[in-house]
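Biologist: Could you take me through the aromatic rings of this protein and how they pair up? I am new to this, so please explain the terms as you go.

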Amino acid sequence: MPTQRADAPSQGSPLAPEWLSVPTDLNALEPKMWARDAARNDAGELTLDGISVSDLQRQYGTPLFVMSENDFRSRARAFSDAFNNAFADICGGVDVYYAGKSFLCTAVVRWVEEEGLRLDTASGGELAVAAKAGIPGADVALHGNNKSDGEIHRALDMNLGRIVVDSLGELVRVGDIAERRGEQAKVMLRLTPGVHAHTHEFIATAHEDQKFGLSMAADTTEQAGLSAAEEAVAAAAAHPGIELLGLHCHIGSQIFEPDGFALAAEKLLRFLAAMQEKYSIILPELDLGGGYGIAYIPVDTPRPAAEIAEAMAAVVRSTCAELGIDSPRISIEPGRAIVGSTTFTLYEAGTTKTVRVDAPDASNASDGGNNVTYPRRYVSVDGGMSDNARPVLYDADYSAILASRTSDAAPQLSRVVGKHCESGDIVVRDVYLPEDVAAGDLLAVPGTGAYCWALSSNYNYLARPGVVAVRDGSARLIVRGETEEDLLNRDMGV
Ligand code: LLP
């Protein structure tokens with residue numbers, strides 16, 4: 001039984017995770033976690049390209065996704081430039097497909113196109129957004145491990161530049177549909193190279209036990225020694241409804257180091273050369289997928305795009321030289337690394353509550369058995385797991401700041417929680433906020449551009465927030481927030 005109470009020591013609360021230190025300035029914005037035009041104005045308020053969060057709240061309400069259009073465009077360009085430079089002498093450049101699953105609406109499709117990128121989609125719905133935005137089908141890819149016939153027809157109607165096929169059964173289905181239409185589907189085959197990234201690291205062991213892709217491991221077909229990948233290459237080359245463009249892989253997400261990407265590239269190039277040797281099949285394209293990580297919390301250290309691109313290019317260059325083959329045209333599919341840091345979520349704080357939690361006495365390291373209690377403050381906001389499911393789904397860590405003002409109050413270990421009927425409804429598990437944060441203050445959570453709006457739900461009949469794009473000092477809704485009417489519209493009332 002804890003017998004004493006202790007206040008959080010200035011070096012940090014014992015309840016905080018190891019990675020979280022007390023910030024020297026609670027009002028500062030850690031640049032790597034924020035859109036490049038986020039700043040505080042003279043009144044201490046968070047602004048994006050000069051627009052204050054209180055203005056945004058007045059005009060659009062909270063919760064609200066606030067996205068910097070210029071930052072999106074410059075990250076898209078930076079990624080494209082980095083890879084194009086690194087691969088220029090190898091294959092003339094790289095085609096960058098923005099992974100729309102991370103965040104998609106018609107405005108974003110237009111930005112992507114204007115910045116010279118292409119678009120990766122993963123469903124008929126995402127294709128509908130692409131079509132509405134008017135991007136040429138030739139610049140669009142379709143993914144998915146379970147495409148419907150309707151989606152395949154839609155892809156062919158739109159003359160898609162590539163359909164990434166996930167299995168032998170699907171290959172035959174795509175080929176047969178295209179043949180019946182008197183067409184050829186442009187196809188990439190998604191392979192599983194046995195490189196599996198675990199967020200900040202990767203394991204180079206077979207990762208066969210998952211739903212995606214064609215295995216490159218021998219003996220993964222009925223025929224002894226034959227891999228599912230090889231079987232599919234031979235079948236694709238023989239099918240009159242298929243134009244086989246090349247190979248694809250995607251090793252995971254939120255990856256910081258280049259090694260996993262490089263190893264996957266090497267494995268696919270070796271396979272590609274073997275297909276060329278054995279069947280005289282030339283595969284002109286190789287897509288190395290997405291997965292490039294971003295900083296959600298101060299200790300996250302993603303590598304600059306140029307560094308990753310150089311490391312990947314070095315492996316492609318040396319592997320092709322060793323194998324004596326020309327490099328295929330390379331493409332990649334970044335989502336999070338382009339959109340993630342462009343956006344913060346703006347919330348209004350409501351109820352707060354401080355609990356006291358047992359922990360070993362931090363002031364008396366030698367006395368291991370003596371527990372005391374330390375405070376943890378819960379700050380509730382007007383959204384939660386419905387606009388950011390990532391903490392619940394993946395134990396994802398985020399950060400937050402007091403956005404509507406600065407404060408000189410002492411740092412207090414806080415947990416930002418939502419308003420849903422679940423105790424797991426956490427937005428930011430651990431963050432130091434000023435102890436005077438109170439109802440009515442605005443909080444901002446950076447890094448919510450990817451897989452937050454995209455994964456949002458109407459749990460507890462909360463309306464999904466809108467998305468505002470800020471550019472050159474003006475703001476506009478690019479996706480409006482839902483209304484109660486939207487929520488009730490689908491209720492048939494019978
Ligand atoms: N290409 C393929 C084939 C993918 O499956 C994905 C993501 C990407 C590209 C883009 O990956 P990115 O560069 O954005 O990491 N909901 C999870 C992430 C799921 C990723 C699914 N596939 C999250 O919130 O962390």
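Modeller: Happily! Let's begin with W111, which counts as buried at 3% relative accessibility; buried means under 20% relative accessible area, exposed means over 50%, and partly exposed lies in between (1.4 Å probe, protein chains only). Its partner F72 is buried too, at 0%. This is a predicted model, where local features need pLDDT of at least 70, side-chain atom pairs count only at pLDDT 80 or more, and totals for chains, interfaces and linings use all residues. Residues are numbered from 1 along each chain as its sequence is written, and side-chain values use heavy atoms, leaving out hydrogens and water.

Now, what makes a pair? Rings of Phe, Tyr and Trp (its six-membered ring) pair if their centres lie within 6.5 Å; planes under 30 degrees apart count as stacked, over 60 as edge-to-face and the rest as tilted. By this rule there are 10 aromatic pairs. In one of them, F72 and W111 meet edge-to-face, with 5.3 Å between centres and 65° between planes. F72 belongs to helix α2 (residues 69-91) and W111 to helix α3 (residues 106-114), so their pair ties together parts 39 residues apart in sequence. Helices (H or I, at least four residues) and strands (E, at least two) are DSSP runs, numbered from the N terminus.

Y296 and Y398 are also edge-to-face, because their centres are 5.0 Å apart and their planes are at 70°. Y296 sits in the loop between β15 (285-287) and α9 (305-323), while Y398 sits in the loop between α11 (390-394) and β19 (401-402), 102 residues apart. Both Y296 and Y398 are buried. Finally, ring pairs join F79, F83, F87, F261 and Y292 into a cluster.
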